[in-house]
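Subject: Structure handover

Hi,

As promised, here is the structure we talked about handing over. Please open it alongside this email, and I will walk you through what turned up.

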Amino acid sequence: MATGFSAATSHHPSSGRDAAGREPDLELNRDFNGDDYEYEDEAKLVIFPDHFEIPLPNIEELPALVTIACDAVLNASSAYKKQEPESWDEEIQVSRHARSLRQLDNGVRIPPSGWKCQKCEMRENLWLNLTDGAVLCGKWFFDGSGGNGHALEHYRETSYPLAVKMDTITPDGADIYSFEEEEAVLDPHISDHLSHFGIDMLQMQKRTENGHHRENNSRPRVSEWEVIQESGMKLKAVFGSGYTGIKNLGNTCYLSTVMQVLFSIPDFQRMYVGNLQRIFDYSPLDPSQDFATQMAKLGHGLLSGQYSKPPMKSELIEQVMNEEHKMLNWHQQKGVSPRMLKALVSRGHPEFSSNRQQDAHEFLLHLINLVERNSAGSENPSDVFRFLVEERVQCCQSRQVRYSQRVDYCIQLPAPLEAAINREELLTYEAKKKEAEENMQPPPEPVRARIPFTACLQAFTEPENVPDFWSSALQAKSAGVKTSRFASFPEYLILQIKKFTFGVDWVPKKLDLAIDVPDFLDLNRLRATGLQASEEELPDLMPPIVLPEDTRDNSMSSIDSPEIDEAAVMQLAEMGFPLEACRKAVYYTGNMGPEMAFNWIIAHMEEPDFAEPLTLPSLMDSAPSTSDSVMGATPLDPNPPPEESISILTSMGFPRTHSINALKAMNNNLERALDWIFTHPEPEESDALSDMADTEPNDNAFSNANSHSDATLSPDRDTTGPRIKDGPGRYELFAFISHMGESTMSGHYVCHIKKEGRWVIYNDHKVCLSERPPKDLGYIYFYHRLSSS
C-alpha cells in the first residue's frame with residue numbers, strides 16, 4: 001500500500017464569506033498582510049489508494065519512523081523559505097534625533113541637479129546634512145566606492161547628526177544616516193526636513209525595480225520605459241498555450257525573459273516538455289536538485305495553457321458587482337512561479353543567487369552552460385546556438401597568417417557612436433549638458449543616438465589590432481591584426497548589442513542608443529574562406545623563454561628580498577591582520593597603497609596559506625625541462641598578466657584563475673578584461689582545465705559562452721569536432737529582449753516574441769498582443785534560420 005503526504009492550507013476572510021468547494025491557492029496575488037484574513041494551517045497524512053486521512057501530529061497512532069518522516073517534511077525549508085530571510089536586512093530604527101532635529105535658517109536652497117561636494121569636486125556618494133544643508137561626499141569604502149570623507153569631517157566639526165544621501169531621495173523616502181548613532185536610521189519627518197532646503201520629495205525621481213535609482217544628473221527615462229513596455233496603449237491580453245506569463249519574484253525579470261524566449265524554440269520544447277513524462281519517471285529522489293526536472297516543470301507551465309486561461313463570464317460579472325475598481329486586474333493572468341528553477345540554477349553563483357537585478361545576457365550564457373553540462377548522453381537543445389568562429393591572425397611585416405577555430409554561441413555587435421546619423425545633435429547635447437553641470441542647472445533633454453545596423457555590422461567585421469603580437473616568422477614581437485568570420489552558421493543566431501560600458505566607478509552603464517535592427521538578415525558574405533592559395537602560413541613555433549642575464553647565476557637574489565612598502569604593511573597589521581599576510585598583500589598589489597592591499601586581503605583571507613610567509617619561486621624553477629618541452633608541455637607564458645591587475649580584479653570578488661584568464665584573453669587590458677568577465681561565466685573546475693589549452697586571445701566580439709575546448713563542449717558529440725548545425729546564413733527575427741534603466745544592476749526587462757505571425761509582449765506575468773514592438777531599442781536579438789527554398 002502506497003502512502004502519500006498532503007498538507008492543506010485554508011484561508012478564511014474576516015468578512016465571513018467562506019471558500020467552500022475551492023482548492024486553496026498558496027500563491028494568490030492578493031494582499032494577505034492586512035487584518036482582513038485569518039489563517040489555519042492543517043496537515044494530514046493520506047494513505048492511498050483508499051485516500052484515508054490521518055490528522056497530524058498523531059504520535060499515538062503512527063509508528064515512530066513515520067512520525068519522524070512527517071516532521072521532516074513539515075519542517076523542510078522550501079525554495080521560498082530559504083530565500084525569504086536572505087531578502088531582508090536588519091530592521092532600521094527611527095533616529096532619536098528625528099523629532100527634535102534643529103535646522104538652521106541660513107537660506108540654503110538645494111538645486112534639483114548638478115550637485116557636488118562643497119570641499120572637493122566629487123559628484124557621487126553625496127550627503128546632505130539635514131541641519132545646515134551642507135552637501136559633502138561620503139567616506140571612502142574598501143570596495144572602491146565612496147568619497148573623501150568630508151561629510152564625516154563636517155559632523156566632527158559641528159556635531160550635526162543626520163544626513164541624507166542625495167541620489168536616494170524619492171517620493172517613497174530616502175537613505176538616512178546618523179553619525180551620532182553610527183547606523184542607518186529612519187526619519188518620519190524627512191519630507192519636512194527636506195522641504196526646509198527647497199527639496200520637494202514628490203518631484204524627485206522614482207526608483208527602479210530593485211531600488212536602484214537613476215543618475216542625479218539625468219532626467220527620468222520616461223520615453224524608454226513607456227516605449228518598450230508600450231505604455232498608454234490598449235493592449236489585448238492573450239491566453240492559452242505559449243502565452244503564459246512568469247511571476248516576478250523580485251528582480252527576476254532577467255530570468256523570465258530568457259526562459260520565455262528559450263521555450264519558444266522547438267528544440268527546447270521537445271527536450272523538456274516533449275520528454276516530460278520520461279524526465280519525471282527518471283527524476284532523482286530529490287527532484288528539486290535536478291536540472292531537467294525543473295526545466296520540464298517550468299516548460300510545462302508555460303506551454304500547457306493550464307495557467308493561462310481567460311476569466312469566466314460569471315467571474316467577471318461577480319468582480320464588477322463587488323469590486324469594480326479592480327476590474328482590470330482580472331484581465332491579467334497570475335503567471336507561473338520560477339522559484340525552484342531560480343534556486344537551482346543560481347546555486348553557488350555569487351550574483352544570480354542574490355536578489356539583485358542581473359544582466360540577461362550573462363544569465364543566458366550561464367543557462368546555456370548548464371544545459372551543456374546536463375545534456376550528457378541525451379539530446380542537447382543548445383546545439384541550435386552553437387557555431388564555429390574562424391580567426392585569422394596576420395603578421396603585418398611578414399604578411400604570413402595563422403588560422404584557428406573556436407566554438408561560440410553569441411555575436412556581440414559593437415555600437416559605434418561615431419557612426420550615429422544624428423551626431424551633430426549629440427555633440428550639441430553634450431556641450432549643453434556640460435554647461436548645465438558647471439552652472440548647477442537642470443540638464444537639457446536627453447538625445448538618443450541613432451546608429452544604422454550596417455555600421456554595427458561593419459565595426460564587427462573590421463580587423464582588430466593584436467597587442468604584443470609575437471610573430472613566429474620573425475621570431476620577435478611585431479604588429480598583428482585579427483579578423484573573425486563564421487566557419488559555420490547556427491540554426492538560431494543570438495545577437496547582443498554592446499550597449500553597456502563602465503563608468504568611473506566601474507559600474508556598468510548603458511549607452512542611450514537606437515539601432516534599426518532588420519527583420520531579415522543575410523550574413524553569407526561573412527562566411528569564412530580558410531587559407532587561400534596566395535597566403536603563407538606562419539610557422540608553428542612557440543615564443544622562446546627569455547631569462548634575464550642577472551637571473552641565470554643568481555635567480556633568487558632579487559626575489560628573496562622583494563621591495564615592500566613597510567609603512568603600508570604596518571598600517572594593515574594594525575587592523576589585526578597577520579603580518580605575513582599584510583606583506584604578501586602589499587607585494588602582490590605592487591606597493592599601490594594600503595587600500596589596494598586591503599582589497600587583496602579581503603579576497604584571499606579564506607585561502608589556507610593566507611598567513612604563511614611570502615615565498616616566490618625562481619624563474620629557473622618554473623621553467624619546463626627539455627624533456628617536458630619535447631613532450632609538449634606548455635612553456636612559460638611570455639606575457640604574463642601584471643600582478644597588480646590581477647589583484648584589482650580579485651579585489652572586486654572575481655576568482656584569481658578567472659581574472660588571469662580574462663587578462664590573458666584581452667592582452668592584459670584591464671577594462672577589456674572586466675568586459676570579458678561580465679560576458680563569460682566562470683567555468684567549472686573541469687572546464688578550467690580545458691581553458692589551459694587556449695593560447696590565442698579571444699575576440700570580444702563573440703561571447704565564447706563556455707570557454708570550453710572542443711573536447712568538452714558536447715560529451716556525446718562525434719570525436720571529429722563539436723556538434724554544429726551548419727546551414728545558410730539567412731535569418732529572420734523572431735524575438736528580442738529589451739532593457740530599461742541605467743545599468744545591468746538596475747532597471748527592468750521585457751521580451752517580445754513573434755508567434756503565429758504576430759508580435760506578443762511578455763512583461764512578467766502580463767502577456768499581451770504588441771501594437772508597436774520597439775525593435776530599435778532591444779538588447780538581445782534572436783534570429784532563426786530561413787529555409788533554403
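Below are some notes on salt bridges and on one strand pair.

Please keep in mind that this is a predicted model. A search of the whole structure turns up 22 salt bridges, and a few of them deserve a look on your screen.

You could begin with Asp-267 and Lys-725, whose side chains form a salt bridge at 3.4 Å, N to O. Asp-267 sits in helix α7 (residues 266-273), while Lys-725 belongs to the loop between α26 (710-713) and β22 (730-740), so this pair ties together parts that are 458 residues apart in sequence. The two ends differ in their surroundings: Asp-267 is buried at 6% relative accessibility, whereas Lys-725 is partly exposed, with a relative accessible area of 30%.

Helix α7 also holds Arg-270. The side chain of Arg-270 meets that of Glu-379 in a salt bridge of 3.3 Å, N to O. Here too, distant parts of the chain are linked: Glu-379 lies in the loop between α12 (360-373) and β9 (387-395), 109 residues apart from Arg-270. Both partners are partly exposed, Arg-270 with a relative accessible area of 42% and Glu-379 with 31%.

Next, please look at Glu-372 and Arg-386, where the salt bridge is 2.6 Å, N to O. Glu-372 is in helix α12 and Arg-386 is in the loop between α12 and β9, with 14 residues separating them. Are these two buried or exposed? Glu-372 is buried, with a relative accessible area of 3%, and Arg-386 is also buried, at 0% relative accessibility.

If you select Asp-267, Arg-270, Glu-379, Glu-491 and Lys-725 together, you will have one network, joined by salt bridges that share partners. As general background, side chains of opposite charge can pair when their charged atoms come close.

Now for the strands. β9 runs antiparallel to strand β10 (residues 401-408), and eight bridges join the two. One position to check is Gln-394, whose bridge partner in β10 is Val-401. The hairpin of β9 and β10 has five residues between the strands, and in this hairpin Arg-399 takes a positive phi near 65°.

Do write back once you have had a look; I would be glad to go through it with you.

Best wishes

Conventions:
Residues are numbered from 1 along each chain as its sequence is written. This is a predicted model: local features need pLDDT of at least 70, side-chain atom pairs count only at pLDDT 80 or more; totals for chains, interfaces and linings use all residues. Side-chain values use heavy atoms; hydrogens and water are left out. A salt bridge is a side-chain nitrogen of Lys or Arg within 4 Å of a carboxyl oxygen of Asp or Glu. Helices (H or I, at least four residues) and strands (E, at least two) are DSSP runs, numbered from the N terminus. Buried means under 20% relative accessible area, exposed over 50%, partly exposed in between (1.4 Å probe, protein chains only). Two strands pair if DSSP finds at least two bridges between them.
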